[in-house]
Amino acid sequence: MFKKVLIANRGEIALRIHRACKEMGISTVAVHSTADSNAMHVRLADESVCIGPPTAADSYLNIPAILSAATVTDADAIHPGYGFLSENANFARIVEEHGIAFIGPSSDLIATMGDKVAAKDAMKRAGVPVVPGSDGAVKTAADAVPIAADIGYPVIVKAASGGGGRGMKVVQRPEDLESAFNMASTEALAGFGDATVYIEKFLGQPRHVEVQVIADGKGNAVHLFERDCSLQRKHQKVLEEAPCPILDEATRQRIGKVCADAAANLGYRSAGTFEFLFENDEFYFIEMNTRVQVEHPVTEMICDIDIVAEMIRIAAGEEMSLRQDDIRINGHAFECRINAEDPETFTPSPGRIVEFHAPGGLGVRVDSALYAGYSIPPYYDSLVAKLIVHGRTRDEALMRLRRALGEMVVSGVSTTIPLHQRLADNPSFIAGDYDIHWLESFVATD
Ligand code: MV4
């Protein structure tokens, strides 16, 4: 097992990784920008290294600085967390070339999954159901015409290097195809340096359901069931739950097995997530995430498995001890992403935290790097805490969610806690009756 792990991240996920390391007897190295000298992840780590100025491009994305920090502290491995360098295939490759373990998949599979066309193709071949669409990339607007006609309108043009909704264009009618194709391709080139696009059938009211897998790269893979992440605003998840409240048991077992088998087939190593659109009781693969995700705790709560610890054990070359038959869903979990933002306008609200009180009690977990007196810097993501609740049933988890939100205090900055309180009282949310567009209208009208 590793003696020392460098955590190439900040905030709550840096703490999350630190906690897994300490429970495994591993010492930790924090890296930080000059804006984060007083951050909790720096305070808790056994050692810390300043890697640059506040701007992420110069610090948390600074590959030479992070490698130097790992070298001077003699770290055996690097955990990238989420965001920043976590899905940068080049970073993973350079880390390995330095004789340091990258706590994640191989750089080749990160690269494959980063190319959405290659990812879909790999999944199709591995027996995963994908959204009907073009067979690979579509080169010109003229080529798109018969392909779109064949798929049937409406269609969606997507950037192969995309993600987060950028470079995506919905096309309702054939006469709009050429301009949409050119806009998507231009946006893709500007945003990702790659003009490649592909075309899919546009699904109108799907849910976003994703399956968590863990694999050891030696042909062993398990799934940890699914999360429903449909509650999003501007492609940012707001509240997630596990399991999906509208999925029947047979379909759940079937899609889980499909994903675990695909992960084993691909020789996938580490934790990974298969993202699907779910509509009319059918799953359609869209993308695979090759990192630990923000919302991984809802899965940990229902499966009683430490996903980050598993990632570390697997990166250290241990064979996976998890057995599919031992993994069961116990109850229900919700996660509220608490952002330092105005709950109405969603404009960021950085600044000094005056009071911080985390709720507690049975079935309540708070993953946060906040403390009273801490100043939230304006340079990074506005996520400041995750409130995760678990109950024996969805109803019990919901009661617990309201109770915990009522106890939580973050003063000095605005947060999205009031938004979560309104959500937790909303009849459609309570009924589990929502799709990927529902939250946008809830925020606009309610
Ligand atoms: C789609 C879609 C409908 N049909 N693909 C948005 C982000 C990107 N990762 C995939 N996205 C979508 N792809 C087809 N064929 C609708 C979306 C989409 C969406 C997906 C998941 C969660 C929220 C979303 C909000 C708007 C659009």
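Which domains give at least three residues each to the shell around the ligand? Domain 2 (132–201) and domain 3 (207–445) both do, with the bounds coming from an automatic or database domain assignment. A quick note before the views: this is a predicted model, where local features need pLDDT of at least 70 and side-chain atom pairs count only at pLDDT 80 or more, while totals for chains, interfaces and linings use all residues. Residues are numbered from 1 along each chain as its sequence is written, and side-chain values use heavy atoms, with hydrogens and water left out.

**View 1. The ligand and its neighbours.** There are 16 residues around the ligand, and K158, E200, K201, L203 and E287 come nearest; to be near, a residue needs a heavy atom within 4 Å of the molecule. Look for the nitrogen atoms of the ligand: a polar side-chain atom of E200 lies 2.9 Å from one, and a polar side-chain atom of E287 also sits 2.9 Å from a ligand nitrogen. L203 uses its backbone instead, with an N or O atom 3.0 Å from a nitrogen atom of the ligand. On its own the ligand has 520 Å² of accessible area, and the protein covers 91% of that (Shrake-Rupley method, 1.4 Å probe).

**View 2. What the shell is made of.** Strands β6 (155–159), β8 (197–201) and β13 (282–289) are the elements that give two or more residues to the shell; strands here are DSSP runs of E, at least two residues, and helices are runs of H or I, at least four, numbered from the N terminus. By type, the shell splits into 8 nonpolar, 4 polar and 4 charged residues. Asp, Glu, Lys and Arg count as charged, Ala, Val, Leu, Ile, Met, Phe, Trp, Tyr, Cys and Pro as nonpolar, and the others, Gly among them, as polar.

**View 3. Aromatic pairs.** The whole structure holds 12 aromatic pairs, meaning Phe, Tyr or Trp rings (six-membered ring for Trp) with centres within 6.5 Å; planes under 30 degrees apart are stacked, over 60 edge-to-face and the rest tilted. Y371 and Y374 have ring centres 5.2 Å apart and planes at 45 degrees, so this pair is tilted. Both are buried, Y371 at 13% relative accessible area and Y374 at 9% (buried is under 20%, exposed over 50%, partly exposed in between; 1.4 Å probe, protein chains only). For Y379 and Y380 the centres are 6.0 Å apart and the planes at 65 degrees, so that pair is edge-to-face. Y379 is partly exposed at 46%, whereas Y380 is buried at 12%. Elsewhere, F274, F276, F278, F283 and F285 form one aromatic cluster.

**View 4. K169 and its partner.** K169 belongs to strand β7 (residues 169–171) and is buried, at 18% relative accessibility. Its side chain makes a polar contact with the side chain of E187, at 2.9 Å. Such a contact is a pair of N or O atoms within 3.5 Å; within protein, one must be able to donate a hydrogen and the other to accept it, and residues adjacent in sequence count only if both atoms are side-chain atoms.

**View 5. Backbone oddities.** Most residues other than glycine have a negative phi, and most peptide bonds are trans. The bond from Y153 to P154 is cis, with omega near -5 degrees, and P154 lies in the loop between α7 (141–151) and β6. N280, not a glycine, has a positive phi of about 50 degrees and is exposed at 69% relative accessibility.
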